[in-house]
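Please walk through the model below with an eye to strand pairing, side-chain packing and ring contacts. The paragraphs that follow take these topics in turn.

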Amino acid sequence: MIIKLRNILSILVASAMVCACAIPDDIPYPIVEGIISAFEVEGQCAAPNTGKTSADIDKANNTVSLYVSDTVDLAKLRITRFEVSNNATIIPDSNAVLYHGQFPSAGFVNSQSNNTRVNFTNPVNFTLRTYQDYTWTVNVQQIMEREVEVDNQVGRAVIDPVNRNVIIYVNKSQSLRRLHVTKFTLGGEHGKVSPDPTEYDTYDFYEPQTFYVTNGWSEISQKWTVFVYQTEAEVVTTAEVFARTVSATVSGNKPNGRIPTVQYKQASSNKWIDVPGTNVSTSSTSYTAEILGLKANTKYVCRTVVDDKYTDELTFQTTSAQQLENASLDEWHQNGKLYNPWSNYGQSYWDTGNAGAATVGQSNTTPTDDTSTGTGFAANLQSKFIVIKFAAGNIFTGTYIKTDGTNGILGFGRPFTSFPTKMTFDYKYHTSTINRCADDDYAYLKGRPDSCQIYIALADWDEVEYEGVKYPYLIRTRPTERHLFDPNDSHIIAYAQLTKGEDVRDWTKAELTLDYKVKNRQPKWILVVASASKYGDFFTGGDESLLKVDNFNLVYE
């Protein structure tokens, strides 16, 4: 009986082992995301009104958007850089790639191969295969600036690139047989037109005229037809204004060949002031004027004069000159091991990475009575290795949301609607040798001096929601889902930074001049960040780097 029982147990164990070996498909594959981390093409250029040349990679929607100049052919555009996460296999759309069987299946950098040419005249899909498939869509837009300007032109020329027709209207007094052409770029900035009417004093447009246009990437010409008509309509000078804190932009339409005078005054004044001609730029039928030296939070009136004719008066008000809260960094309170840069029971405006550091060690951003004025407090940002991970001393306008494992999730930015010209602050810095690196991409920095970084950004991000709360901009430091601040983000209106890789032993005043990438969008948020280790987001830096900052101030001039 004992022998039989043993035999039965042996059979049951063997059966269980066989069954276990027979169902490996029941074991779930790990989730390994396929993400496009970098994407570049030949002829890549800045997006309109932003100055940003890098691609806009949206990891939330799996899209890549970028711009190219008129020197390249969208139908056979070469991808020069295509970097992906987790060694994902790249599977392109077979209908879009020119050499489907030869397109690289792995990420690449600085490619000059024809095998990476793709037809981007429409959005193109790429599948990144890990254990799962992730589909990404790449949109490439070409900047093709076609412009036509002639004397006595009425309104802008109607340019139809599909049918290759151009319609121009001029006033009744203008002869169609002797028309002076000042601009004729039908092939874009780098294209050519034959014959080129701008090379003649006048050109005959009594009948529709034919021109042959080549683009910047090809010698093959295309036939265009240009029609010029007289009209009794007159161009009416218009004006619209965009106000900032100490300046404003006035723009509008005007008759061709006329120079406008833009005037302004305080609403309570009777004295009009002319905008200097050096601050007015014109094209054939439009103009832009910059009014400088205004007062904050003040009501003004402006108008434009052409041929003794005035536009309607426009009333506008400049914004207030906002300042950062707790800009002196005097307000702090302590909760156990955690130091917070706001008063007890007060509202946070600044925050730090202390909540993450204090989970396993001590706060590494603390108040110090070593200040630039000898009174109050300053922020003491100490980089250090805390038990299991390197942590850069830091402070920022925003909120530390939570610690995710050993990584942080942060909400960057605070509400802000003004237009400062500069930011000043006091600082001192002690650099140390970079001896910590948790990211292979930055391993080459080991042994070099660490650098501090302080920057300011004005942005108009749309809020994002995390766990039921909305934040201006979400930061994640976990490598597999890393999402950091990008100064080239299309939502950045203005930016300035200081990076220092050497000791600054005494308190020193720094002045950052904001570079406004666009002047016709109002900020929603302000972001100020200071870090003792520039690459702290990648857990890279020196254990003894120390930055002290004090007295932030926004300047309006």
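How many bridges pair β33 and β34, and in which sense do the two strands run? The coordinates come from a predicted model. In this model β33 and β34 are joined by 6 bridges in the antiparallel sense. One of the facing positions is Y400, which stands opposite L410 in β34. The two strands make up a hairpin with 2 residues between them, and G405 in the turn has a positive phi of about 70 degrees.

An aromatic contact also links the two arms of this hairpin. F396 and F412 form a pair whose ring centres are 5.1 Å apart and whose planes meet at 45 degrees, which makes the pair tilted. Because F396 belongs to β33 (residues 394–404) and F412 to β34 (residues 407–412), the pair ties together parts that are 16 residues apart in sequence. With the limit for burial at under 20% relative accessible area, F396 is buried at 2%. F412 is likewise buried, at 7% relative accessibility. The structure as a whole holds 29 aromatic pairs.

β33 has further strand partners. Strand β28 (residues 350–351) pairs with β33 in the antiparallel sense over 2 bridges, and here W350 has T397 as its bridge partner. β45 is also antiparallel to β33, with 3 bridges between them. In that pairing N394 is matched with S531 of β45.

β45 leads on to the packing of nonpolar side chains. In soluble globular proteins, nonpolar side chains tend to be buried together. The largest nonpolar core in this model has 39 residues, of which L547, V549 and F552 touch the most other members. Several strands each supply at least two residues of this core, among them β30 (378–382), β36 (422–430), β38 (452–459), β45 (525–531) and β47 (546–555). The contacts of V549 give a local view: leaving out residues up to four places away in sequence, V549 touches L329, A378, A379, L381, I395, D426, Y427, W507 and A530. A second core, separate from this one, has 29 residues and includes V64, A96, V124 and F126. F126 also takes part in an aromatic cluster, together with F39, F82, F103 and F108.

Next comes the loop that precedes β47. Is S545, which lies in the loop between β46 (540–541) and β47, buried or exposed? S545 has a relative accessible area of 0% and is therefore buried. Its contacts, leaving aside neighbours within four places in sequence, are L381, Q382, S383, Y429, H430, T431, S432, D450, A532 and S533. For one of these contacts, H430, the separation from S545 is 115 residues in sequence, while the C-alpha atoms are 5.6 Å apart in space.

T499, a residue of strand β42, falls into another accessibility class. At 31% relative accessibility T499 counts as partly exposed. T499 is in contact with S451, C452, Q453 and K534, again without counting residues up to four places away in sequence. T499 and S372 are 127 residues apart in sequence, and their C-alpha atoms are 20 Å apart in space.

Another part of the chain carries an open sheet of 5 strands in the order β11-β12-β16-β15-β14, with mixed pairing. β11 (158–160) and β14 (192–194) stand at the edges with a single partner strand each, so one side of each is left without a neighbour in the sheet. Neighbouring strands of this sheet are turned against each other by 25 degrees on average, direction ignored. The partner of β14 is strand β15 (residues 209–214), to which β14 is joined by 3 bridges in an antiparallel arrangement. Within this pairing, V193 stands opposite V213 in β15.

Last come the contacts between charges and a ring. Which residues place a charge over W272? K265 has its charged end over the ring of W272, 5.2 Å from the ring centre. R303 lies over the face of W272 as well, at 3.9 Å from the ring centre.

Conventions
Residues are numbered from 1 along each chain as its sequence is written. This is a predicted model: local features need pLDDT of at least 70, side-chain atom pairs count only at pLDDT 80 or more; totals for chains, interfaces and linings use all residues. Side-chain values use heavy atoms; hydrogens and water are left out. Rings of Phe, Tyr and Trp (its six-membered ring) pair if their centres lie within 6.5 Å; planes under 30 degrees apart count as stacked, over 60 as edge-to-face and the rest as tilted. Helices (H or I, at least four residues) and strands (E, at least two) are DSSP runs, numbered from the N terminus. Buried means under 20% relative accessible area, exposed over 50%, partly exposed in between (1.4 Å probe, protein chains only). A charge sits over a ring if NZ of Lys or CZ of Arg is within 6 Å of the ring centre and within 35 degrees of the ring normal. Two strands pair if DSSP finds at least two bridges between them. Axes are lines fitted to C-alpha atoms, for helices over the stretch in contact, and angles run from 0 to 180 degrees between N-to-C directions. A nonpolar core is a set of buried Ala, Val, Leu, Ile, Met, Phe, Trp, Tyr and Cys residues joined through side-chain atoms within 4.5 Å. Contact means heavy atoms within 4.5 Å.
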